[in-house]
Amino acid sequence: RERELEAQRVANKPAPGSVMSHQFSSLLEGKLKENLKLADEPVEEMWLLTHEEGQMTVYTRNEEAAGETTDQLKAFHFIPGLTGREVCSYFFDTDLRLEWEHTVEKFFVLEWLDNNTNVCHNIHKRVWPTAQRDSCILSHMRQLNTNRWMVQNTSVDHDDAPANKYVRLTANVLLMAETQVPASADKSKLTRADIGAKLTYLAYVHPGGWAPASVVKAVSKREYPKFLSNLETHSLKHFSSQPILW
Ligand code: 18C
């Protein structure tokens, strides 16, 4: 039944390029403003470097003072050979999500609001000893300027997301990816060896219900770097033999 409903929703997907205003528009724009400001803020004394691996750096900003069990995370990475648009498209594409998204057991697209915006119900893998989580996420992809693209994933309430079976976590995620090209280059002459995507990733996840702080910390420490490496490996595999999508 769920799959049938999903097929109907895919059939209702608006045409490429159409941007509609919808019930989540003001929430989406508000979050986006906050997230873009945070993304451009330099990492200074408030941020703690928690992981470094090749081109990847992961920082957290401790929110304990505010009584929270999770930290705001900010990470940087560089994927050689891809454009910002390619990385964002790969991250956003619901047909490809399960190739790389290792925290999700299954998910359902609940609604397409426009060609670049959907709401998904995700059922996450269970982390022992806590109850299994789900999330209901408004996902939106946008071009910010010639070389910069982004995807924002933010929790929302949606009538079609079945409640009560799992503990509902909430999340606020921004992936921003900027194509690096040699200065004054003629794009038509460039190959993948000349380009790369500079990533800035922001995430804040609230566990929703009871979860021991030590488990949340351990899961975060392990899963964020794993996610960035996974995104790199799989998006490279997906695009490397295709013409460059600028
Ligand atoms: O950005 C990512 N994915 C987005 C696209 O699919 C998605 C964002 C979702 C928010 C993160 C959801 C985290 C789920 C955590 C529970 C399951 C962990 C499973 C472990 C698998 C073995 O829109 C990629 C995000 C990748 C990194 C996620 C790590 C998050 C850890 C945060 C703390 C955990 C809080 C949950 C409490 C569960 C019990 C400890």
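## Aromatic rings and a charged patch

Tyr224 is buried, having a relative accessible area of 15%, which lies below the 20% under which a residue counts as buried. This value, like the others that follow, is computed from a predicted model.

Tyr201 also counts as buried, at 7% relative accessibility, and the rings of Tyr201 and Phe227 have their centres 4.7 Å apart with their planes at 50°, so that this pair is tilted. The pair connects distant parts of the chain, since Tyr201 belongs to strand 10 and Phe227 to helix 5, 26 residues apart. Both Tyr201 and Phe227 are buried.

The structure holds seven aromatic pairs. In another of them, the ring centres of Tyr201 and Tyr224 lie 6.3 Å apart and the planes stand at 55°, so this pair too is tilted. Here again distant parts of the chain are linked, with Tyr201 in strand 10 (residues 196–206) and Tyr224 in helix 5 (residues 213–239), 23 residues apart. Taken further, ring pairs join Phe91, Trp100, Tyr201, Tyr224 and Phe227 into a cluster.

The surface offers another feature to follow, for Glu2, Asp157, Asp159 and Asp160 gather there in a patch of negative charge. Asp160, one of these residues, is found in the loop between strand 7 (148–155) and strand 8 (167–168). With a relative accessible area of 39%, Asp160 is partly exposed, because that term covers the range between under 20% for buried and over 50% for exposed.

Notes
Residues are numbered from 1 along each chain as its sequence is written. This is a predicted model: local features need pLDDT of at least 70, side-chain atom pairs count only at pLDDT 80 or more; totals for chains, interfaces and linings use all residues. Side-chain values use heavy atoms; hydrogens and water are left out. Patches are made of residues with over 30% relative accessible area and no salt bridge: like charges are joined within 9 Å, nonpolar side chains (Val, Leu, Ile, Met, Phe, Trp, Tyr) within 5 Å. Accessible areas come from the Shrake-Rupley method with a 1.4 Å probe; for residues, only the protein chains shown count as cover. A salt bridge is a side-chain nitrogen of Lys or Arg within 4 Å of a carboxyl oxygen of Asp or Glu. Lys and Arg count as positive and Asp and Glu as negative; His and the chain ends are not counted. The place of a charge is taken as NZ of Lys, CZ of Arg, CG of Asp or CD of Glu. Helices (H or I, at least four residues) and strands (E, at least two) are DSSP runs, numbered from the N terminus. Buried means under 20% relative accessible area, exposed over 50%, partly exposed in between (1.4 Å probe, protein chains only). Rings of Phe, Tyr and Trp (its six-membered ring) pair if their centres lie within 6.5 Å; planes under 30 degrees apart count as stacked, over 60 as edge-to-face and the rest as tilted.
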